[in-house]
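Student: I am new to this one. Could you take me through how its labels are justified?
Tutor: Gladly. Have a look first.

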Amino acid sequence: MTAQLDAHIKPQSSLKVPSAENQIPCVLPISSFHPGQWAAFTSKSRVTAVTAGQGGGKTSLGYWWVYAHMQAFPKESHLIAFPDYGLLNRVVMNKPDPDRPTLVEFLRAMGEEPVLHIQDRWINCRSGQIFFGSAKDIVGWEGAHVKSCWVDEFDECPVEVYKRALERTRMRGGHILLTGTPRKVAWIKREIVPRVKAGDKDFAQIIQFPSTANPRYDPKTMAEAQATMPAWEYRRIHLGELAEMDAGGVFRSSWFKSYSLVRQGDGWYAEVLG
């Protein structure tokens with residue numbers, strides 16, 4: 001399986017990228033990926049969890065990740081899941097971000113000729129089918145055996161969504177991509193972090209990057225957030241760290257100096273955790 005995927009995750013290889021005149025301007029080319037996006041895109045782990053700062057480029061990564069799996073495994077089925085269908089519509093079907101296309105626009109630009117079946121919540125493409133799931137309708141995932149599953153805003157989903165994603169990809173030997181700004185960290189620290197710390201890279205990797213990994217994110221906005229938010233909340237929402245809440249809520253700016261974007265020792269890195 002990884003050999004097939006290898007051939008479709010390198011810009012110079014057989015990943016079918018349309019010529020520039022066929023792309024809509026807001027499709028982020030994979031050649032423009034920042035290191036965090038690239039580490040996640042090229043991950044071979046069964047589960048790749050991306051904990052990223054707000055606006056860091058998680059959704060653009062998700063589009064390309066699903067598309068690469070469609071190219072690597074033609075005619076297979078794929079699943080995209082959100083905490084609820086309302087969020088799915090806003091992020092993927094509608095266009096709240098002027099710098100990012102809708103999923104349908106992206107697939108059309110990639111030459112997939114997508115046909116959206118909105119009532120049944122799926123898209124038929126030249127290279128396969130994409131089904132949509134909701135954490136609030138997890139029974140609706142039954143019967144779908146998929147080659148890839150992307151769960152966006154995973155931190156807002158219960159652990160049952162993660163376990164169902166494992167189930168739905170198991171028969172087809174599929175991969176899972178979890179993307180989110182870690183406002184809630186309990187189940188990922190319980191279910192995935194121990195496997196990562198044990199060095200089980202075949203099963204799981206955690207990739208972290210801050211909001212400012214996206215060059216369009218204004219550092220002044222980060223400075224404002226750091227000045228006005230509790231330290232632990234800032235570290236979660238803008239650095240993508242799985243930070244614990246501060247005991248007593250006390251914060252001194254001098255403490256923050258020990259948390260650089262690349263941490264040492266038993267901590268989190270801006271790249272893949274080993």
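Student: Which residues of α6 are buried?
Tutor: This is a predicted model. In α6, Val159, Val161, Tyr162, Arg164, Ala165, Leu166, Arg168 and Thr169 are buried. The word applies because each has under 20% relative accessible area.

Student: What covers the buried residues of α6?
Tutor: The cover includes β1, β6, β7 and α7 (186-191).

Student: How do you know what span is expected for α6?
Tutor: The helix has 12 residues, and at 1.5 Å a residue 16 Å is expected. From first C-alpha to last, α6 reaches 17 Å, which is close to that.

Student: What makes β7 largely enclosed by the rest of the structure?
Tutor: Strand β7 covers residues 175-180, and 6 of the 6 are buried, so the rest of the structure largely encloses it.

Student: Which residues of β7 point one way, and which the other way?
Tutor: His175, Leu177 and Thr179 point one way. Ile176, Leu178 and Gly180 point the other way, and all are buried. Side chains in a regular strand alternate between the two faces of the sheet.

Student: Why are β6 and β7 called paired?
Tutor: Pairing needs at least two bridges, and β6 (residues 148-152) and β7 have 5, so they pair, in the parallel sense. One bridge joins serine 148 to histidine 175 in β7.

Student: How does the chain cross from β6 to β7?
Tutor: The path goes through helix α6 (residues 159-170), and this β-α-β crossover is right-handed.

Student: What joins β1 to β7?
Tutor: There are 5 bridges between β1 (residues 47-52) and β7, and the two strands run parallel. Valine 47 has isoleucine 176 in β7 as its bridge partner.

Methods:
Residues numbered from 1 in each chain as written. Predicted model: local features only at pLDDT ≥ 70, side-chain atom pairs only at ≥ 80, totals over all residues. Heavy atoms only, no water. Buried < 20%, exposed > 50% of the residue type's maximum accessible area, 1.4 Å probe, protein only. Helix = DSSP H or I, 4+ residues; strand = E, 2+ residues; numbered from the N terminus. Right-handed = clockwise from strand over helix to strand, strands pointing away. Expected span 1.5 Å × (residues − 1). Contact = heavy atoms within 4.5 Å.
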